[in-house]
Amino acid sequence: MSLVCAQAFAQTGVVVDVTLNPVGSFKATTSAVNGSVVKVGDGFKAENIIVNLKDLKTGIGLRDEHMKNKYLQVDKY
């Protein structure tokens with residue numbers, strides 16, 4: 001499992017694009033995000049962003065369970 005990118009937005013939370021080769025890809029999302037984002041010039045600077053990986057959802061329960069327990073090991077880390 002490889003995480004291609006993670007983006008945090010104040011309105012939508014976090015969207016993680018996950019690519020699994022050769023079987024495809026999916027998105028995991030959560031709105032449970034803590035931290036701060038400040039506007040710096042034309043861009044933004046994020047500081048101390050905390051995302052509880054236990055709150056990530058993909059839309060498929062079994063996939064959520066495998067992602068959290070088998071790959072991310074959220075209870076261990």
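Colleague: Which residue in S5 does lysine 39 stand opposite?

Modeller: Lysine 39 faces phenylalanine 44 in S5. Remember that this is a predicted model, where local features need pLDDT of at least 70, side-chain atom pairs count only at pLDDT 80 or more, and totals for chains, interfaces and linings use all residues. Residues are numbered from 1 along each chain as its sequence is written, and side-chain values use heavy atoms, leaving out hydrogens and water.

Colleague: What makes S4 and S5 a pair?

Modeller: Two strands (DSSP runs of E, at least two residues) pair if DSSP finds at least two bridges between them. Strands S4 (residues 33-40) and S5 (residues 43-51) have 7 bridges in the antiparallel sense, so they pair by that definition. Their hairpin has 2 residues between the strands, and glycine 41 there takes a positive phi near 60°.

Colleague: Why are Asp64, Met67 and Lys68 on the same side of H1?

Modeller: These three are buried, which means under 20% relative accessible area, while exposed means over 50% and partly exposed lies in between (1.4 Å probe, protein chains only). They cover an arc of only 85° around the axis, so they share one side of H1. The arc is that of the directions from the helix axis to the C-beta atoms. Leu62 and Lys70, on the other side, are exposed.

Colleague: Which strand do the buried residues of H1 pack against?

Modeller: They pack against strand S3 (24-30).

Colleague: Which element has the lowest mean pLDDT?

Modeller: pLDDT is the predictor's confidence in each residue, from 0 to 100. Strand S1 (residues 2-9) has the lowest mean, 48, and helix H1 (residues 61-71) the highest, 93. Where pLDDT is low, the predicted coordinates should not be read in detail.

Terms used. Helices (H or I, at least four residues) and strands (E, at least two) are DSSP runs, numbered from the N terminus. Contact means heavy atoms within 4.5 Å.
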